[in-house]
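Student: I am new to this structure and would love a close look at one part of it. Could you walk me through the salt bridges and where their partners sit?

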Amino acid sequence: MATSDRADRRPSVLRYLESRKNLTGCALGLAGLGLYAVGAAGAYWPVVVAGLYGAGALLAPPERPASPDFPAPGEQVEALRADLGTLEEYLSGVRSRDRLPDEAERLLDDLTALLSALLDPERGAGEALAADGETLHRLTRVIRQDTPESVDAYLRTRWWSRLTPGGQGPDEELGRQLGLLVEEASKVAAELRDAEAWRQRALTRYYEDRAAPNEPGAVGLVGLAGSPGAAGSTETAGLAGAAGLAGAAGVAGAASPETRKAPDGAGAGPAPEERAP
């Protein structure tokens, strides 16, 4: 973790001169000199000035620690590019001294090519990585830890296998490990691609909604029509509205004085006319 150690690198005398204790003590010491100038301190003015300075140094609030100065996301991507170069130099040295299995050689080439493409500043993936800390951490782990650890474990195990002829070699384990790392890097690339595609679609819908007519009840009609399941939502809303109208009509008919329910429950009909006696 990178922290701001600017104050720590200064000399101790300079740090104290710039501290709150010294500044507060100097302010009160100047006040003591003012008392001496007006004749209020008397012959003991040095003691008064020293006492006021000490009181100010004791009463001053303590220094606050410097705030952490973490690297910006863009700086983290730049540092990861440098780490990828270091990893490639390490792999070149390993290949020059020891022969790796053909499958491992192929997987290492695929892995380094994929990582280089993801960290290439000209392809624009660096901005997406800088905005996604979790994805950046995954790539950092693959470059700084997983890949060199797998190759180093293979070299150590292979050295021991030379002392025991006839034993099973570690080539399959290295190939399996590198295959998993390539798969993880491919997933990262696919996630970044999908995120950029979603962002483009979101911009399109935003522009469509902004271009739609600003009418009451018709906000975002164009964007709604372009969204998945829009037709089903519109049809469902229409059916619900029709059902509500039908129910309202039934309630109004039931409340009408011209329709009454028959005593035997046969149905509703017009009430018989009342004959005069």
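**Salt bridges along the helices**

Tutor: Let's begin with Glu183, which is partly exposed, with 41% of relative accessible area. Please keep in mind as we go that this is a predicted model. The partner of Glu183 is Lys187: their side chains form a salt bridge, with 3.9 Å from N to O. Both residues belong to helix 8 (residues 171–211), where they are four residues apart, about one turn of the helix. Lys187 is partly exposed too, at 46% relative accessibility.

Helix 5 offers a pair with a similar layout. There, Arg106 and Asp110 make a salt bridge whose closest N and O atoms are 3.2 Å apart. These two residues are four apart in helix 5, so about one helical turn separates them. Arg106 has a relative accessible area of 41% and is partly exposed, while Asp110, at 34%, also counts as partly exposed.

Now for a pair that reaches from one helix to another. Asp109 forms a salt bridge with Arg95, and their closest N and O atoms are 3.1 Å apart. This pair links distant parts of the chain, since Asp109 sits in helix 5 (residues 102–118) and Arg95 in helix 4 (residues 73–97), 14 residues apart. Asp109 is partly exposed at 37% relative accessible area, and Arg95 is partly exposed at 32%. Arg95 and Asp109 also belong to a network of salt bridges that includes Glu105.

Stepping back to the whole structure, a search finds ten salt bridges, including the pairs Lys187 and Glu183, Arg106 and Asp110, and Asp109 and Arg95.

Definitions and conventions
Residues are numbered from 1 along each chain as its sequence is written. This is a predicted model: local features need pLDDT of at least 70, side-chain atom pairs count only at pLDDT 80 or more; totals for chains, interfaces and linings use all residues. Side-chain values use heavy atoms; hydrogens and water are left out. A salt bridge is a side-chain nitrogen of Lys or Arg within 4 Å of a carboxyl oxygen of Asp or Glu. Buried means under 20% relative accessible area, exposed over 50%, partly exposed in between (1.4 Å probe, protein chains only).
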